[in-house]
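Welcome, and please take a moment with the model below. The report that follows walks through some of its local features and then its overall form.

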Amino acid sequence: MRKVIIGVGLLLATGALVGWSYGNLERGLLVAAALVLLWMLRNLVFLERAIQRDDFTAFRFGEGICQQLFSQFRYERERGDRYKSQRLQLLKEIRRSTRAMPDGAIILDAQLEIITCNRAAKSLAGLKPKKDRGQRVDNIIRDPALTELLRANDPAMTADIESPLQDYAWLNCRLVPYGAGQKLLIIRDVTERMRLNKMRRDFIANASHELRSPLTVICGYLDSFVDEASVPAEMRQPILQMQAQAQRMSGIVQDLLQLSHVEGSGGAGDDELVDVHAVLTAAADTYSSLDSSPEIRLEVESSARIIGVTREIESVVANLVSNAVRHTPKTGRIRLSWRVTDAGAELGVSDNGEGIAEQHIPRLTERFFRVDRGRSRADGGIGLGLAIVKHILQRHDARLEIKSAPGQGSEFRCCFPAERVSAAS
Ligand code: ADP
């Protein structure tokens with residue numbers, strides 16, 4: 001660049017000198033400036049042609065301003081090409097890996113309209129990337145559980161839906177945030193898991209069902225032996241023990257049957273209005289009459305009803321209250337509450353009994369989970385009560401919240417959404 005400036009300066013100085021020697025300095029300077037301009041114009045025309053033809057042979061050597069522009073241009077272009085090929089390579093890698101993924105991946109924009117999807121999404125959910133682009137995903141895959149998942153927009157939530165392509169096939173969907181304002185809908189084939197779950201449920205239901213009739217006969221005979229005066233005195237104690245164990249077994253079979261009935265059986269019907277006040281009053285009366293029961297207090301603030309199944313809500317209350325009675329000393333206190341909230345309504349069972357350590361709380365609703373196995377067995381529990389409660393609440397679109405601290409007591413709150421609550425008529 002310095003050389004160019006020096007050259008231009010020299011040309012102007014020569015023009016001025018020649019002009020001055022002829023007695024007209026300005027004209028000499030003007031002619032020199034016009035020559036500089038013409039030279040630059042020529043170079044620019046050559047450069048423009050070279051860019052158009054993509055042939056820079058004429059600029060490869062030399063140190064003029066155009067050569068410098070050319071080398072800068074070439075450097076930037078090569079850098080751009082390198083960057084572009086790296087990006088293309090990366091894109092190819094991403095495409096290859098999403099194509100190899102067994103799970104379907106659908107990229108959605110902020111309006112939940114399809115941008116693109118991988119091969120597995122096509123085979124699992126029947127998506128056609130070109131045809132379906134720009135369509136809302138719930139217009140293509142129509143399932144209430146998917147609509148709910150999209151509405152909730154919670155990455156921790158999943159929804160099991162029936163395959164739109166195949167009978168008896170199930171897909172698990174999860175929606176996670178992706179890119180700027182976009183979302184990624186991940187679809188996984190869970191047919192095998194659902195099949196095994198169904199097999200397990202059917203097995204438990206069938207086995208429990210088959211056990212019920214012989215147990216009824218055994219309990220019946222034992223009841224009559226207990227009342228039978230001719231039974232020898234030394235047999236009385238063993239018969240009483242057999243009766244207690246047979247009754248316990250009957251309770252377990254009933255719990256197993258109820259769990260397999262409520263588990264995975266869809267939403268509860270909406271043709272009954274459950275009178276929660278009456279259900280809580282009946283439970284308080286039943287359990288207060290037990291010798292071991294602490295004081296049971298009712299705090300009913302609303303006459304609202306639950307839209308659902310009375311028998312099932314009774315079972316929720318019975319399980320929660322019997323737990324509270326078993327885990328609270330006679331000197332303690334149990335509170336049964338019912339109130340309407342901004343989000344719906346809450347049914348609560350709290351006690352100031354022994355409480356539960358924090359690490360056990362997330363596992364309480366697992367079937368057969370007991371904090372203290374030995375003790376639970378002794379007091380009749382087998383760890384099915386809270387699993388039944390959880391599934392009944394799920395059927396009523398409600399959730400169970402548990403707060404507890406060892407030595408301070410526990411609080412179990414069943415939170416019903418507004419759609420499941422009806423003001424009492
Ligand atoms: P179980 O039939 O053994 O009572 P549940 O599923 O009803 O089974 O309860 C699981 C475990 O949770 C119980 O073993 C018990 O340790 C604990 N639990 C439930 N309710 C209470 C409570 N109110 N206070 C203390 N522990 C409780």
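Phe 368 is found in the loop that runs between strand 10 (344-351) and helix 12 (373-378). In this predicted model, the phi angle of Phe 368 is near 70°, a positive value in a residue other than glycine. Phe 368 is partly exposed, since its relative accessible area is 36%.

Tyr 168 makes a good companion to look at next. Its place is the loop between strand 3 (158-162) and strand 4 (170-178). Phi of Tyr 168 is near 60°, again a positive value in a residue that is not glycine. With a relative accessibility of 77%, Tyr 168 counts as exposed, because the exposed class begins over 50%.

Let us turn to the surface patches. Which residues form the nonpolar patch? Leu 11, Val 31, Leu 35 and Leu 38 do, and together they have about 360 Å² of accessible area. Helix 2 (residues 25-53) gives this patch its largest share, three residues. Val 31 is in helix 2, and Leu 35 lies there as well. Val 31 has a relative accessibility of 48% and so counts as partly exposed; Leu 35, at 48%, is also partly exposed. From Val 31 to Gly 19 the C-alpha distance is 9.0 Å, with their positions 12 residues apart in sequence.

A patch of positive charge also sits on the surface, where Arg 95, Arg 99, Arg 119, Lys 122, Lys 130 and Arg 133 gather. Two elements, helix 3 (65-100) and helix 4 (119-125), each give two or more residues to this positive patch. Lys 122 is in helix 4, and this lysine is partly exposed, with a relative accessible area of 36%.

Here are the accessibility values side by side:

| Residue | Relative accessible area | Class |
|---|---|---|
| Tyr 168 | 77% | exposed |
| Leu 35 | 48% | partly exposed |
| Val 31 | 48% | partly exposed |
| Phe 368 | 36% | partly exposed |
| Lys 122 | 36% | partly exposed |

Now for the whole chain. The protein chain holds 13 helices and 13 strands. Why is the chain described as more spread out than a compact globule? Its radius of gyration is 40 Å, well over the 22 Å that the globule rule gives for 425 residues, so the chain is more spread out than such a globule. The C-alpha trace spans about 155 × 45 × 45 Å along its principal axes. Of the 425 residues in the protein chain, 36% are buried.

Note on methods. Residues numbered from 1 in each chain as written. Predicted model: local features only at pLDDT ≥ 70, side-chain atom pairs only at ≥ 80, totals over all residues. Heavy atoms only, no water. Patch = residues over 30% accessible without salt bridge, like charges linked within 9 Å, V, L, I, M, F, W, Y side chains within 5 Å. Areas by Shrake-Rupley, 256 points an atom, 1.4 Å probe, with all protein chains shown as cover. Salt bridge = Lys/Arg side-chain N within 4 Å of Asp/Glu carboxyl O. Lys, Arg positive; Asp, Glu negative; His and termini not counted. Charge placed at Lys NZ, Arg CZ, Asp CG, Glu CD. Helix = DSSP H or I, 4+ residues; strand = E, 2+ residues; numbered from the N terminus. Buried < 20%, exposed > 50% of the residue type's maximum accessible area, 1.4 Å probe, protein only. Rg over C-alpha atoms; globule rule 2.2 N^0.38 Å.
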